[in-house]
Amino acid sequence: MSFICLINEKELMENLQSGDEKAFEKLYRHYVDPIFRKIHYLTKSAEIAEELTQDVFLKIWERKAAIDPSRSFGAFVHRIAQNLVVDLYRRLAHDKVLREHLINSVSELYDPMADHVDRQLVYQALESLPAQRKKIMAMVKIEGRSYEEVSNLLGISTSTIRDHVVKGTKSLKIYFMENGVTLMLLVAAMIARSVKH
């Protein structure tokens, strides 16, 4: 049986509504981990999840007078978390300088062939690449061949293969952004940033 089941959530919400810090603390302790996990799942960045989780509970404290004790507090807190993540993506999607920075920050870490990417869009994007780069990207990213294997098959150095993959990945990301696939890129950028930190 969870901690929150041992207490009366409705009573805590009523107390929170009137500014009771202890009620807020009990609700915070119960919901902070699930909210962090949800945001971390959506952003793939512990740093961003930590910051947004704190923002969620700050918003709850700021809006405490508007809380409806007859409704689920869990649904309320999860909705705020979801909205903050969506707002973050919106801000990033409209910030050209930040978008360019994110594109540059994920060149090798972002995999445009990952399962969550629409394969048809990937194939369309590949058609926009020069012939040699398209061939190398297909061999490495779609067929899953190593740089060494592609190097042996094509008779070019692994550093040249790596250069083509980095430039090809960057080109695909730009193609996706120009075609409105910004959300996927932003998630990938956040993953890359969390790996680097």
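**Aromatic pairs and helix faces in an all-helix chain**

Y31 has a relative accessible area of 10%, so this tyrosine counts as buried, the cut-off being under 20%. The value comes from a predicted model, as do the others reported here. A good way into the structure is to follow Y31 to its aromatic partner, and then to look at the helices one at a time.

The setting can be sketched first. The chain contains 10 helices and zero strands, so a walk from the N terminus reads α-α-α-α-α-α-α-α-α-α. Of its 197 residues, 41% count as buried. Where contacts join residues at least 6 apart in sequence, 67% of them bring together residues at least 24 apart. The surface that the chain exposes comes to about 11200 Å², and carbon and sulfur atoms supply 51% of this area.

Which kinds of ring pair occur, and where? A search of the whole structure finds five aromatic pairs. In one of them, the ring centres of Y31 and F73 are 5.3 Å apart and the planes meet at 55 degrees, so the pair is tilted. This pair links distant parts of the chain, since Y31 belongs to helix α2 (residues 21–43) and F73 to helix α4 (residues 73–93), 42 residues apart. Like Y31, F73 is buried, with a relative accessible area of 1%. F73 also pairs with F76: their ring centres lie 6.1 Å apart with the planes at 50 degrees, so this pair is tilted too. F73 and F76 both sit in helix α4, three residues apart, which is about one turn of the helix. In general, an α-helix has 3.6 residues a turn, so residues three or four places apart point the same way. Both F73 and F76 are buried.

Other rings gather into a group of their own. Ring pairs join F24, Y28, F57 and W61 into a cluster. A charged residue takes part here as well, for K64 lies over the face of W61, at 4.0 Å from the ring centre.

Helix α3 (residues 46–62) gives a chance to check a simple rule. With 17 residues at 1.5 Å a residue, α3 should span 24 Å, and its end C-alpha atoms are indeed 24 Å apart, which agrees. Which residues of α3 are buried? They are I48, A49, L52, T53, V56, F57 and I60. Viewed down the axis of α3, these buried residues fall within an arc of 160 degrees, so they line one face of the helix. The face turned away from that buried side carries the exposed residues E51 and E62.

A similar reading works for helix α8 (residues 147–154), whose buried residues are Y147, V150 and S151. These cover an arc of only 105 degrees around the axis, which puts them on the same side of α8. On the other side of α8, N152 and L153 are exposed. Just after α8 comes G155, which has a positive phi, near 70 degrees.

The last stop is helix α9 (residues 158–178), where H164 is found. Is H164 buried or exposed? At 14% relative accessibility, H164 counts as buried, because the cut-off is under 20%. What, then, does H164 touch? Once neighbours within four places in sequence are left aside, H164 is in contact with Q132, R133, I136 and M137.

Conventions. Residues numbered from 1 in each chain as written. Predicted model: local features only at pLDDT ≥ 70, side-chain atom pairs only at ≥ 80, totals over all residues. Heavy atoms only, no water. Helix = DSSP H or I, 4+ residues; strand = E, 2+ residues; numbered from the N terminus. Expected span 1.5 Å × (residues − 1). Buried < 20%, exposed > 50% of the residue type's maximum accessible area, 1.4 Å probe, protein only. Arc of directions from axis to C-beta. Contact = heavy atoms within 4.5 Å. Areas by Shrake-Rupley, 256 points an atom, 1.4 Å probe, with all protein chains shown as cover. Phe/Tyr/Trp six-rings, centres within 6.5 Å; stacked < 30°, edge-to-face > 60°. Lys NZ or Arg CZ within 6 Å of the ring centre and 35° of its normal.
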